[in-house]
Amino acid sequence: DASHAKRINRSANEIVEASAAQLNAQRFACGKALRQLGGEKLFVLNHSISAFLDTFSKIKNVDFRDSEGLDELGKLHIDEQDFVELKSMVTFAGSLAGGALAGTAGGALVAFSAYGAAQALAVASTGTAIASLSGAAATNATLAFFGGGSLATGGLGMAGGTVVLGGLVAGPALLVMGFVAGHAAKKELEKARTNKAEAQQVAAQLDTASHQCKAIRRKTWVFYNLLARLDACFLPLVYRMEDIFALEGNDYSQYSLESKRVIASCASVAVSIKVLL
């Protein structure tokens, strides 16, 4: 019985260790995909979106509602708030890329790929815009945000944010392994069988987490590819808008029909990218 118990416990450990190893591999791949998506978001915000806002904000009398000969513009639902939120996201992206969150950049990219709401990113738990803060206050507010909010508002606070920004964590997987391994020394056969049943249950939970990581990674690549394709369409429109601004001035109402179409298309794609971000 003692020998049998050891074999059962060894098998229980192997079951959990195999599932834990699979989960860690999937976590690593998932984290890599999320970091790449976060990097793509930063690139788009700090380049094409920033260039778009720089020129578009200088154009006056922009009105897509009643443009003669531009029937398709009636289908556009472009809210000025979209551009306000885009500016907030660009500001945040600039501070992230500029090293304002030094020491947490890798984890911040993971978090930035998962958290895209401009309102949440731009406002600290005190109600103050993070973009308006500086130094330690900005870092603390950002850490608290990634921790689910301040302790006072029911979040995990800065400590929780530090954990999130440190990368994806293993959770209970390694603790469970130690728990099951701790029973390996027991010689009672029935307990060993109980251990194996527990190990199989734990392994099933770890396997579920592995499948979740796979699903997140697949979804991440969907967003990454879509964002890259949209940006490839968007950048040439931004260049054309800059040329129009340079040649025809800053009054949209005086633009040619084709120029108005370009500006409208550019704004429409910008809003689509904002939604995706």
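Accessible areas here come from the Shrake-Rupley method with a 1.4 Å probe. With that settled, I opened this notebook on a predicted model.

**Entry 1: the chain as a whole**

I looked up the exposed surface of the protein chain and found about 14,500 Å². Carbon and sulfur atoms supply 57% of that area. I then asked what share of the residues is buried. Of the 277 residues in the chain, 40% count as buried.

For the secondary structure I recorded nine helices and zero strands. The pattern along the sequence therefore reads α-α-α-α-α-α-α-α-α, each symbol standing for a helix run. I also checked the range of the contacts. Among contacts between residues at least 6 apart in sequence, 77% join residues at least 24 apart.

**Entry 2: the nonpolar cores**

I next searched for nonpolar cores. The largest has 36 residues. Within this core, the residues with the most contacts are Leu45, Ile49, Phe52, Phe234, Ile263 and Ile273. The elements that give two or more residues to this core are H1, helix H2 (80-97), H8 and H9. Helix H9 gives the most, with ten residues.

I followed one of these residues, isoleucine 49, further. Which residues does isoleucine 49 contact, leaving aside its neighbours within four places in sequence? I noted Val44, Leu86, Val90, Phe234, Ala270 and Ile273. Apart from the largest core lies another core, of ten residues. Its members include Ala12, Ala20, Leu206 and Cys213.

**Entry 3: glutamine 26**

I located glutamine 26 in helix H1, which covers residues 2-56. Is glutamine 26 buried or exposed? Its relative accessible area is 10%, so glutamine 26 counts as buried, the limit being under 20%. Beyond the neighbours within four places in sequence, glutamine 26 is in contact with Ser210, Cys213, Lys214 and Arg217. Cys213 in this list is also a member of the core of ten residues.

**Entry 4: cysteines**

I looked for disulfides and found zero in the structure. Cysteine 213 is in no disulfide, and the nearest cysteine sulfur, that of cysteine 30, is 4.8 Å away. A disulfide requires sulfur atoms within 2.5 Å, so this pair does not qualify. I noted that cysteine 213 is buried, at 11% relative accessibility. Cysteine 266 is likewise buried, and its relative accessibility is 0%.

**Entry 5: salt bridges**

How many salt bridges does a search of the whole structure find? I recorded two.

One joins the side chains of lysine 58 and aspartate 54, at 3.8 Å from N to O. I checked the exposure of both partners. Lysine 58 is partly exposed, with a relative accessible area of 41%, and aspartate 54 is partly exposed at 45%.

The other joins arginine 240 and glutamate 258, whose closest N and O atoms are 3.3 Å apart. This pair links distant parts of the chain, with arginine 240 in helix H8 (residues 189-248) and glutamate 258 in helix H9 (residues 257-276). The two residues are 18 residues apart. Arginine 240 is partly exposed, with a relative accessible area of 41%. Glutamate 258 counts as partly exposed as well, at 42%.

Notes: Residues are numbered from 1 along each chain as its sequence is written. This is a predicted model: local features need pLDDT of at least 70, side-chain atom pairs count only at pLDDT 80 or more; totals for chains, interfaces and linings use all residues. Side-chain values use heavy atoms; hydrogens and water are left out. Helices (H or I, at least four residues) and strands (E, at least two) are DSSP runs, numbered from the N terminus. Buried means under 20% relative accessible area, exposed over 50%, partly exposed in between (1.4 Å probe, protein chains only). Contact means heavy atoms within 4.5 Å. A salt bridge is a side-chain nitrogen of Lys or Arg within 4 Å of a carboxyl oxygen of Asp or Glu. A nonpolar core is a set of buried Ala, Val, Leu, Ile, Met, Phe, Trp, Tyr and Cys residues joined through side-chain atoms within 4.5 Å.
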